[in-house]
Every structure is written in structure tokens, then in C-alpha cells.
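Hi everyone, thanks for making room for me today. I'd like to walk you through a structure that is new to most of us, so please have a look at it first.

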Amino acid sequence: MPLSEGVLAELERIVGAENLASDDATRYVYGADASIHHHPPDAVVRPGSTAEVSEVLRLCERELVPVTTRGAGTGLSGNAVPVRGGIVLEMMRMNRILSVRVEDLYCELEPGVVFSALNRALEPHGYWFPPAPGSGDVCTVGGMIANSASGIRTVKYGATRDLVLGLEVVLADGTVLEVGNRGLKNASGYQLEKLFVGSEGTLGVITRARLRILPRPRSSGSLIASFRSLEAAGAAISQIYRNRLMPSALEIMDRNCIQAVKRKFGTPLPDAEALIIVEMDGDRRVVEDDLRAAGEISRAAGASDVDFATDPARTARIWESRKQVLPSMASSGERGPVSLADDLGMPVSRVPEVLRTFAEIARRNGVVIGAYGHAGEGNIHCKVLIDTKSKRDWEGARRATDEIYGEVLRAGGTVSAEHGIGYSRGRLFRAERGASIGVMRRIKAALDPKGILNPGKLFDAPDDMLSDNRYITGECD
Ligand SMILES: Cc1cc2nc3c(=O)[nH]c(=O)nc-3n(C[C@H](O)[C@H](O)[C@H](O)COP(=O)(O)OP(=O)(O)OC[C@H]3O[C@@H](n4cnc5c(N)ncnc54)[C@H](O)[C@@H]3O)c2cc1C
């Protein structure tokens with residue numbers, strides 16, 4: 001139901017006319033994130049303070065208006081798509097870094113701060129906030145907390161969830177709540193700050209965060225090794241851990257990704273089945289020794305090419321191919337990559353065997369799958385490449401995705417390691433979490449009894465992962 005004139009007038013009074021929009025163009029744009037889903041909100045509201053967020057939520061709860069909180073809208077599972085209409089609460093205006101307290105090892109900031117802006121502010125102190133999502137130049141800290149985001153450095157430094165010390169949160173009824181504390185440790189009852197990590201905007205709106213920060217490593221270097229089989233790459237990863245080496249990043253690319261990068265960018269990569277990129281950080285001598293050891297391990301596991309570098313220019317070249325994966329797949333002729341099976345988590349040692357089955361699944365269902373990601377944490381991203389105008393391709397993608405997730409759950413994994421459940425993975429999430437879904441529903445009912453916060457997501461997301469698919473226009477084959 002569209003918002004009444006009265007509600008629009010109230011929203012305008014709270015945030016000001018310049019921070020409220022309900023024109024068609026704005027509603028269209030804010031109906032999408034980086035997922036396949038689309039549903040327009042009735043209005044977009046851009047609060048500038050906790051007090052404004054509180055007033056907006058009080059109003060929306062009273063009037064039963066759905067509220068979908070949004071950071072930068074880079075979520076890949078429809079997390080910030082307002083599937084029940086209502087308002088999108090866009091948090092980008094609340095983007096101040098409030099303090100950097102190196103002596104206390106934390107910083108305090110508003111949720112609209114962009115990940116890379118935070119790290120630019122920490123750099124002069126010699127500190128950083130390490131989880132490094134691929135979207136780090138645009139995604140917000142609020143979105144990272146709400147999605148439980150992580151990235152290439154999580155293998156050594158932990159995910160966002162490990163680094164949240166405290167939050168200010170506005171609940172659905174407008175109550176402003178402080179959770180966590182200002183110290184590094186806290187054994188004082190339920191760890192409520194963690195409850196909001198991964199809650200995807202369904203329990204409250206994060207308006208302030210205290211995050212653990214860490215000293216930047218003194219130096220780093222990287223190694224790239226290519227293999228004739230996925231199993232050999234997997235053996236190298238296992239041996240790296242068995243030899244007590246702790247990379248600060250450990251990534252993998254499969255054959256389809258390697259070929260796409262070569263085709264699109266002409267990057268001189270070997271004709272391999274898999275390649276791994278390993279980063280070590282710390283004191284220069286340790287980095288060099290560890291890279292050399294990882295190189296020997298890779299060769300012993302069957303690597304055909306091994307190269308490593310510690311100077312910034314050559315290190316950047318090693319990482320180039322990994323950064324080129326997504327853009328190269330996005331321009332693979334008629335087929336485009338869609339985010340359906342994009343965020344699989346599994347025990348590290350199961351990665352090669354599970355990736356091997358993906359190739360068979362792809363063949364069976366007439367789609368192409370490119371797999372890459374954070375192999376050192378057992379977190380693999382899979383892009384299914386299809387002709388997005390073809391309904392047949394979408395059906396193939398759906399079947400392939402189902403089979404992929406089946407494999408992952410059989411391997412003891414998760415259907416989302418870092419992107420969240422959103423609107424895409426409801427059925428799979430329910431299958432994975434079983435009885436704990438009931439507990440989550442009770443928590444949701446306690447904190448948001450009228451169900452206004454990001455309705456239709458997580459456990460309430462639909463069975464059909466292709467719901468509200470923005471690609472299917474009715475003109476498909
Ligand atoms: C190219 C690309 C690469 C990516 N790489 C990674 C990666 O390496 N690792 C990774 O983890 N993710 C990755 N992502 C996914 C996504 O960028 C992250 O999950 C990111 O943290 C989302 O942040 P955002 O600001 O865009 O949040 P949005 O997409 O706007 O929102 C995400 C969720 O958070 C909620 N939310 C946002 N702000 C708040 C708030 N203040 N209070 C309460 N809830 C809030 C929203 O309601 C929504 O449910 C990638 C995405 C893209 C497009």
C-alpha cells in the first residue's frame with residue numbers, strides 16, 4: 001500500500017525535504033542492490049542522526065510501514081531490496097569517524113563510513129581494520145556488520161563479527177540501545193552486540209559502532225602457483241597449514257576463471273586447472289622465509305609454475321589476475337555472471353573435491369560455472385554464467401545452484417559464508433539451520449513484534465531463489 005500523505009509529511013518533517021524522495025526514478029534505483037532481485041520502495045529516507053532514525057522508526061512502527069535499511073546497496077543476495085515496499089532507510093549521511101583510540105585498540109564510527117575510508121583514516125596511526133571485502137571501496141561498515149562481511153584477510157585477522165566490540169542500535173519501536181562496551185573483553189551476560197552481526201537489518205538499525213583495530217603488518221609479499229589439478233592445489237593448501245604457516249590471504253581461481261582473465265585482459269597466466277595466491281605478512285625476513293616455504297610446498301604438491309614477490313609493484317601484478325576475475329566474467333560474450341551460488345562455506349580440506357563436482361553439475365545443467373575465492377577459509381564464490389535473457393538458462397542455473405548447495409551442505413558447509421541470506425537463500429537457510437530457525441524467529445518477534453524491519457528476508461525469504469528477478473522481463477525465450 002502506498003504511503004499516505006500524512007506519513008510522507010511526517011517523514012519530511014523528521015529528515016527534511018532534501019532527504020526524502022518518492023519520485024519514480026529514485027524508487028526504481030533503490031529497488032535494487034547487487035543481486036538479481038528488484039522491488040521498489042514507496043520512498044527513500046536519508047536520516048542524519050540517531051535521533052532522526054529513532055523518530056522515523058517510531059512513526060513506521062505505529063503506521064506499520066516496512067523499513068529496509070541500506071548502506072551502499074552492494075549486497076549480493078537482495079539483503080537491502082525492499083521486497084514489501086515501505087521505506088528504504090539509507091544510512092550514507094551518517095558517515096563520521098568519531099574517534100580513533102589506538103591506545104584502546106578501537107575506533108568509533110557511524111554506520112555510513114565506507115570500509116576503505118576507514119582504513120585511510122587509520123593509516124597515519126599505523127593501524128587498520130583488516131577484513132577486506134572485494135567491495136571495500138564502496139560498502140559501508142553498517143552493511144558489513146549487518147551482513148557479517150569478511151574478505152581476503154579474514155583467514156588471519158578474522159571477519160567483521162570478530163572485531164565488533166559495541167554498537168548503538170535503534171530498535172523497531174524507536175528505543176536507542178547501547179550493546180557491548182568500550183573495553184576489549186566482555187563476559188557480562190549475553191553478547192548482544194553479536195546478535196546484530198549478520199542480522200541483515202531485521203532486528204534494529206545500527207547507528208554507531210565500536211570496532212577493534214589492529215597494527216598494520218610491517219611488510220608483506222605474495223606468491224602465485226598454478227596446478228594441473230584442483231586436488232594438487234588443495235594438497236598445497238593443506239600442507240601450508242600442516243607446516244604451521246599462517247597466510248594473511250589464500251585465494252584460489254579455477255580453470256574457467258583463469259581462462260576468462262586471459263581472454264579478457266590478456267594476463268599471462270599458465271594454462272592451469274587451478275591457481276592459488278598466497279600472501280604472507282609480518283617482518284620482512286619472516287615474510288621472505290614463509291613465501292619460500294610456501295613455494296617449496298606448492299612445488300612438492302605438483303605446482304607447475306611458482307612465482308613470488310615482496311616489492312609492491314610485482315606483488316600488485318600477482319594480485320591483478322584475482323582482481324580481474326569478476327570483470328572478466330562480466331564480459332564473457334553472451335553469458336553474464338549471476339549471483340546465485342556465490343557464497344559457499346565449507347571445511348578447507350573439502351574445497352578441491354567440492355569444486356570438482358561443480359564442473360559436473362555445470363555440464364549436467366547446461367551452464368558455465370566459474371569458481372574462485374578465499375580457499376584458505378573454505379569460502380568459495382561461484383558465478384553461474386548464463387544468457388540472462390533465456391528462461392531456459394535461468395532454469396538450468398536454478399537446478400545447478402540447488403545441486404551446488406546440496407554438495408556444500410553435505411560437506412558440512414554453509415549456504416552463506418559472508419554475503420548473507422537476504423532474499424535469495426531462504427529455503428537453503430531453513431534447510432541448513434533446522435531447529436535454530438525457531439529460536440531466530442522468537443528473537444525477531446521479541447525485538448520487532450510488528451515485523452516492520454526488513455520483512456521477507458532471512459527465514460522469511462521465499463522458497464524460490466528467482467523471486468522478483470529483475471532480469472526476467474517477460475520477453476525471454
Ligand atoms: C563486487 C562485489 C564484491 C563483494 N565482495 C565481498 C567480499 O569479499 N566479502 C563480503 O563479505 N561481501 C562482499 N560483497 C557483498 C557486500 O558488498 C558486502 O556484504 C557489504 O558488507 C555490504 O555493505 P553495504 O553497505 O553495501 O550494505 P547493503 O547492501 O546496503 O546492506 C546489506 C545488509 O545490511 C543491512 N544494513 C545496512 N546498513 C545497516 C545499518 N546501519 N543497520 C542495520 N542494518 C543495516 C541492510 O538492511 C542489508 O540487509 C561484494 C559485493 C560486490 C558487489
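Let's begin at helix H4, residues 115–122, which lies across strands E5 and E6. Strand E6 covers residues 106–109, and H4 runs at about 45 degrees to E5. Before I go further, please keep in mind that this is a predicted model.

Which sheet do E5 and E6 belong to? They are part of an open sheet of 5 strands, in the order E5-E6-E10-E8-E9, with antiparallel pairing. At the edges stand E5, residues 97–101, and E9, residues 176–180; each has a single partner strand, so one side of each is left without a neighbour in the sheet. From one strand to the next, the twist averages 10 degrees. If you look at the E9 end, you'll find E8, residues 164–170, joined to E9 by 5 bridges, with the two running antiparallel. One pair to pick out there is Leu167, whose bridge partner in E9 is Val179.

Now let's step back to the whole chain. The secondary structure comes to 15 helices and 19 strands. Along the principal axes, the C-alpha atoms fill a box of roughly 70 × 60 × 40 Å. For 477 residues, a compact globule would have a radius of gyration near 23 Å, and the protein chain has 23 Å, which agrees.

How is the chain divided into domains? There is domain 1 at 5–90, domain 2 at 97–215 and domain 3 at 217–321. Taken over C-alpha atoms, the centres of domain 1 and domain 2 are separated by 23 Å. These two domains do touch: 15 residues of domain 1 are in contact with 20 residues of domain 2. On the domain 1 side, the elements giving two or more residues are helix H3, residues 50–63, and strand E3, residues 67–70. H3 gives the most, with 7 residues. By class, that side of domain 1 holds 4 nonpolar, 8 polar and 3 charged residues.

Strand E3 brings us to another sheet. Here 4 strands form an open sheet in the order E1-E2-E4-E3, and the pairing is mixed. Its edge strands are E1, residues 20–21, and E3, each of which pairs on one side only. Next to E1 comes E2, residues 43–45; 2 bridges join them, and they run antiparallel. In that pairing, Ala21 stands opposite Val44 in E2. Helix H1, residues 5–15, packs on this sheet and touches E1 and E2, and its direction makes about 20 degrees with that of E2.

Let me finish with the ligand. Which residues come nearest to it? Of the 36 residues around the ligand, those are Gly71, Gly75, Gly142, Gly143 and Gly201. We meet E3 again here, as the elements giving two or more residues to this shell are E3, helix H5 at 141–147 and strand E10 at 205–212. H5 provides the largest share, 5 residues. The shell as a whole has 14 nonpolar, 18 polar and 4 charged residues. Where in the chain do they come from? Domain 1 and domain 2 each supply at least three residues to the shell.

So, if you turn the model yourselves later, try following E3: it is an edge strand of the mixed sheet, and it also gives residues to the shell around the ligand. Thanks for listening!

Methods
Residues numbered from 1 in each chain as written. Predicted model: local features only at pLDDT ≥ 70, side-chain atom pairs only at ≥ 80, totals over all residues. Domains from an automatic or database assignment. Contact = placed C-beta atoms within 7 Å. Nonpolar A, V, L, I, M, F, W, Y, C, P; charged D, E, K, R; others polar. Near = placed C-beta within 6 Å. Pairing = 2+ DSSP bridges. Axes fitted to C-alpha atoms, helices over the stretch in contact; angles between N-to-C directions. Rg over C-alpha atoms; globule rule 2.2 N^0.38 Å.
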